[in-house]
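User: I'd like a walk-through of this model, feature by feature. Could you give me the general idea each time and then the case at hand?

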Amino acid sequence: MKGPTSSRNNEKASLFALLNIKSKERLVIETLTIFRTLKENHMDIFFTHVKGHCGILGNVRAKECISMPININVGISKCHWKRLSHQKLLVQWEEEYASSSKASHTKKFFPTVKYRLERNSFLVCSFKETQFLTGHGNFGEYLKRFHRQITNVCDCTEREIQNVEHIFRCLRDQDCRKILQQKLDISEKNWPVALINTKFSFLSFTEFVHTCNYI
Ligand SMILES: [Zn+2]
């Protein structure tokens, strides 16, 4: 506790020191000169809180400089390399996901890998939700393909092939869909991507999955 508190106080103290434009401190004078030059060149300056130890090079170096003797060459930290490799992997993952001909149904829920990762905190899926998100499960089309059922046609009056897309318009499930629509107040045109947009929409979608009659 003492370390981070002390470190944050140092940063805060540095910002307050910059408010004293008549300061005789060399560092304050040099920093204010840089700010003035940037301002004269029409560049805006923002101060913002940055999460610690997440691999941002300038931030990591500033932290290291606080605890190290002056003029020591601090190099590039391990967490910065980790951050760079993580970013690079994400770019590759996105490219592979976008260019793959597979998972066309899943892409309707998750247009990008980033969209999925940003929802990691609440997207905990059971067997049933996974069936809906992948399209692989106890649906007529899938069961017939694996010879577990002789027909792939839904027994509603529409007589369509029963896959996930059909469940989203099946007449047997219109009451469940109506409840979901009322809860979320999102047009069905924006389904399915909007169904997992927030924690609330995902939980509502989960309820729908467990109440509709697709088998
Ligand atoms: Zn049906």
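Analyst: Happy to. Keep in mind that this is a predicted model. Let's begin with a helix pair: the axes of α10 and α11 come within 10 Å of each other and cross at roughly 170 degrees.

User: How do I read that angle: what does it make α10 relative to α11?

Analyst: Angles over 145 degrees count as roughly antiparallel, so α10 is roughly antiparallel to α11.

User: Which residues of α10 and α11 meet?

Analyst: A useful idea first: an α-helix has 3.6 residues a turn, so residues three or four places apart point the same way. Here, α10 brings C176, L180, K183 and L184, and α11 answers with S201, S204, F205, F208 and T211. Sorted by class, this contact between α10 and α11 has 5 nonpolar, 3 polar and 1 charged residues.

User: Now a second pair. At what angle do α7 and α11 cross?

Analyst: Helix α7 (residues 127-134) and helix α11 (residues 199-211) have axes that come within 9 Å and cross at roughly 95 degrees. The range from 65 to 115 degrees counts as roughly perpendicular, and therefore α7 is roughly perpendicular to α11. K128, E129 and F132 do the touching on the α7 side, with T206, V209 and H210 on the α11 side. That contact splits into 2 nonpolar, 2 polar and 2 charged residues.

User: Which residues of α7 are buried, and what do they pack against?

Analyst: Buried here takes 20 or more other C-beta atoms within 10 Å. In α7, Q131, F132 and L133 are buried. The buried residues of this helix pack against α5 (106-109), α9 and α11. Just after α7 comes G135, with a positive phi near 80 degrees.

User: What about V164: buried or exposed?

Analyst: V164 sits in helix α9, and it counts as buried because it has 21 C-beta neighbours inside 10 Å. Setting aside neighbours within four places in sequence, V164 is in contact with H105, F132, G135 and F139. So F132 turns up again: as one of the buried residues of α7 and as a partner of V164, because their C-beta atoms lie within 7 Å. By contrast, the C-alpha atoms of V164 and T31, 133 residues apart along the chain, are separated by 60 Å.

User: And D173, where is that?

Analyst: D173 is in the loop between α9 and α10. Despite the loop setting, D173 is buried, with 20 other C-beta atoms within 10 Å. Beyond its neighbours within four places in sequence, D173 is in contact with I167, C212 and N213. The C-alpha atoms of D173 and N213 are separated by 6.3 Å, although their places lie 40 residues apart along the chain.

User: Let's turn to the backbone. Which residues have a positive phi without being glycine?

Analyst: The general idea is that most residues other than glycine have a negative phi, and most peptide bonds are trans. H147 goes the other way, with a positive phi of about 55 degrees. H147 lies in the loop between α8 (140-145) and α9 (164-167) and is exposed, with 7 other C-beta atoms within 10 Å. D185 also has a positive phi of about 55 degrees. D185 belongs to the loop between α10 and α11 and is exposed, with 6 other C-beta atoms within 10 Å.

User: Where is there a cis peptide bond?

Analyst: A cis peptide bond joins W191 and P192, with omega at about -5 degrees. P192 is in the loop between α10 (174-184) and α11.

User: How is the chain divided into domains?

Analyst: The division gives domain 1 (9-66) and domain 2 (101-211). The C-alpha centres of domain 1 and domain 2 lie 50 Å apart.

User: Last one: where is confidence lowest, and where is it highest?

Analyst: Start with the overall figure: the chain's mean pLDDT is 85, and 91% of its residues reach 70 or more. Helix α1 (residues 2-19) has the lowest confidence, at a mean of 65, whereas helix α6 (residues 113-117) has the highest, at 95. Over residues 1-6 pLDDT stays under 50, and the model has 1 contact beyond four places in sequence for them.

Notes: Residues are numbered from 1 along each chain as its sequence is written. This is a predicted model: local features need pLDDT of at least 70, side-chain atom pairs count only at pLDDT 80 or more; totals for chains, interfaces and linings use all residues. Axes are lines fitted to C-alpha atoms, for helices over the stretch in contact, and angles run from 0 to 180 degrees between N-to-C directions. Helices (H or I, at least four residues) and strands (E, at least two) are DSSP runs, numbered from the N terminus. Angles under 35 degrees count as roughly parallel, over 145 as roughly antiparallel, 65 to 115 as roughly perpendicular and the rest as oblique. Two residues are in contact if their C-beta atoms, placed from the backbone, lie within 7 Å. Ala, Val, Leu, Ile, Met, Phe, Trp, Tyr, Cys and Pro count as nonpolar, Asp, Glu, Lys and Arg as charged, and the others, Gly among them, as polar. A residue is buried if 20 or more other C-beta atoms lie within 10 Å of its own, exposed if 12 or fewer, and partly exposed in between; C-beta atoms are placed from the backbone. pLDDT is the predictor's confidence in each residue, from 0 to 100. Domain bounds come from an automatic or database domain assignment.
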